[in-house]
Amino acid sequence: MFDLSRLLRDNIRNLKPYSSAREEHSSGGILLDANENSFGAAWSETDINRYPDPLQRRLKQEIAGLKAVAPEQIFLGNGSDEAIDLLIRAFCRPGVDRIITCPPTYGMYSVCAAVNAVEVCPVPLDENFQLRAEKILETASAESKILFLCSPNNPSGNCLDTQAIETILQQFPGLAALDEAYIDFCPERSWLPALQKYPNLVILQTFSKAWGLAGLRLGMAFASPEIIRILNSIKFPYNVNTLTQRAVLAAMERRADMQEMVAQMQRERERLAEALDNLPLVEKVYPSRANFLLVRLKKAVEVYQFLQREGILVRDRTREPGCEDCLRFTVGTPPENNQLLAKLNQFSGGL
Ligand SMILES: *Cc1c(COP(=O)(O)O)cnc(C)c1O
């Protein structure tokens, strides 16, 4: 019943992708095909004069092992934001098709849609920040090409209900893109195994959060080989640079370090949540599965501006649906969180 070719834009179906020099002959030898600088690089890093592997084969092999998927099920991009943009460009006709989002959620889905002149159809989460699956299915039309879900959700911090996601995957006629940017922080398991069952599922993950590699820009999309081929056919040929590929390969050997940072963050998140909960200023600390806390406060906007003047940057979410009077605090190091708590106390004292 799910028909990928119905969803794909005609211009993308008919595209003859750019074939980069390195894609055609990837097996070494004398490289006189790509107009690289044969004499070297104005920097000491080895092989940096050469273009990177356009399909990031070594890296995908490692990621495939880590995530228990086939390399053909992996797309790698310059952050997961690249995958979000490519999905919209591949499947949504400007001025005709739509995406569905479930606010409050990550802002890039709407921004990428707007850049591509694609309408956003919001179906807000309920008062517990849970999916309204029935409402989403009622809203879906033939033009609703992609539904963006985020679990754990940014900025609410909760995981979306398993049954609701399952219902969506079974019945939503377009692609369901499930953003798991924060999955490594939470005990709930990834939906990756469900790829075998649901050809409409695309899962987004990233090295920017739990792995601590936001500066490298490496995002992942996992989906059927058919969907991955489409994304690869429209990406820029050398979208993930050599240094990023090299550094992420090295980082993946330090998975234990990542897990230790996650454990530290979790302990610190619970301490911060409890301390915030005891402040008279704070009305509610929402439970979080991620590395941030959504907090409802008295005088949220004034608190935000006060913290900013004091050199502490947090995120103002007060204008997001369901997040009235809410700020989002990323969990910092213990001294950073102590400073935040001290400043909040100072603000309360001045009330
Ligand atoms: C931080 C974040 C990302 C990460 O994006 P990158 O481009 O990979 O850095 C993706 N989705 C959500 C919901 C996020 O909060």
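Here are some questions and answers about how features of this predicted model get their labels.

The model is predicted, so local features need pLDDT of at least 70 and side-chain atom pairs count only at pLDDT 80 or more, while totals for chains, interfaces and linings use all residues. Residues are numbered from 1 along each chain as its sequence is written, and side-chain values use heavy atoms, with hydrogens and water left out.

Q: What makes Phe 129 and Tyr 286 an aromatic pair, and what kind is it?
A: Rings of Phe, Tyr and Trp (its six-membered ring) pair if their centres lie within 6.5 Å; planes under 30 degrees apart count as stacked, over 60 as edge-to-face and the rest as tilted. Here the centres are 5.3 Å apart and the planes make 65 degrees, so Phe 129 and Tyr 286 are an edge-to-face pair.

Q: Which parts of the chain does the pair of Phe 129 and Tyr 286 link?
A: Distant ones: Phe 129 is in the loop between β3 (119-122) and α7 (133-139), and Tyr 286 is in the loop between β8 (282-285) and β9 (292-297), 157 residues apart. As for the names, helices (H or I, at least four residues) and strands (E, at least two) are DSSP runs, numbered from the N terminus.

Q: Why is the pair of Phe 306 and Phe 347 called tilted?
A: The planes are 55 degrees apart, which is neither under 30 nor over 60, so this pair falls in the tilted class. Its centres are 5.3 Å apart. Phe 306 belongs to helix α12 (residues 300-309) and Phe 347 to helix α13 (residues 334-349), so the pair ties together parts 41 residues apart in sequence.

Q: How do you know whether Phe 306 and Phe 347 are buried or exposed?
A: Buried means under 20% relative accessible area, exposed over 50%, and partly exposed in between (1.4 Å probe, protein chains only). Phe 306 comes in at 10%, so it's buried. Phe 347 has 13%, so that one is buried too.

Q: What makes us say that the charged end of Arg 328 sits over the ring of Phe 292?
A: The rule wants NZ of Lys or CZ of Arg within 6 Å of the ring centre and within 35 degrees of the ring normal. The charged end of Arg 328 is 5.6 Å from the centre of the Phe 292 ring, so the distance part of the rule is met.

Q: What is called a cavity here, and how many of 30 Å³ or more are there?
A: On a 1 Å grid over the protein atoms alone, a cavity is a set of points where a 1.4 Å probe fits but cannot get out, and a pocket is an open set with protein on both sides within 12 Å along at least five of seven lines; lining residues have an atom within 4 Å of a point. The structure holds 1 cavity of 30 Å³ or more. The largest cavity has a volume of about 40 Å³, and its lining includes Cys 102, Phe 148 and Asn 153.

Q: How big is the largest pocket, and which residues are closest to its centre?
A: Its volume is about 640 Å³. Of its 26 lining residues, Phe 185, Met 265, Asn 291, Thr 330 and Val 331 are the closest to the centre.

Q: Why are the buried residues of α9 said to be on the same side?
A: The buried residues of helix α9 (residues 225-234) are Ile 227, Ile 228, Ile 230, Leu 231 and Ile 234. They cover an arc of only 155 degrees around the axis (taken from the directions from the helix axis to the C-beta atoms), so they share one side of α9.

Q: What makes Arg 217 and Asp 325 stand out?
A: Most residues other than glycine have a negative phi, and most peptide bonds are trans. Arg 217 has a positive phi of about 60 degrees, and phi of Asp 325 is near 65 degrees, also positive. At 30% relative accessible area, Arg 217 is partly exposed, and Asp 325 is partly exposed at 40%.

Q: Which peptide bond with omega near -5 degrees is cis?
A: The one from Ser 151 to Pro 152. Pro 152 is in the loop between β4 (144-150) and α8 (162-171). Another cis bond joins Asn 154 and Pro 155, with omega about 15 degrees.

Note on methods:
Grid points are joined across faces, edges and corners, and a volume is the space filled by probe spheres set on the points.
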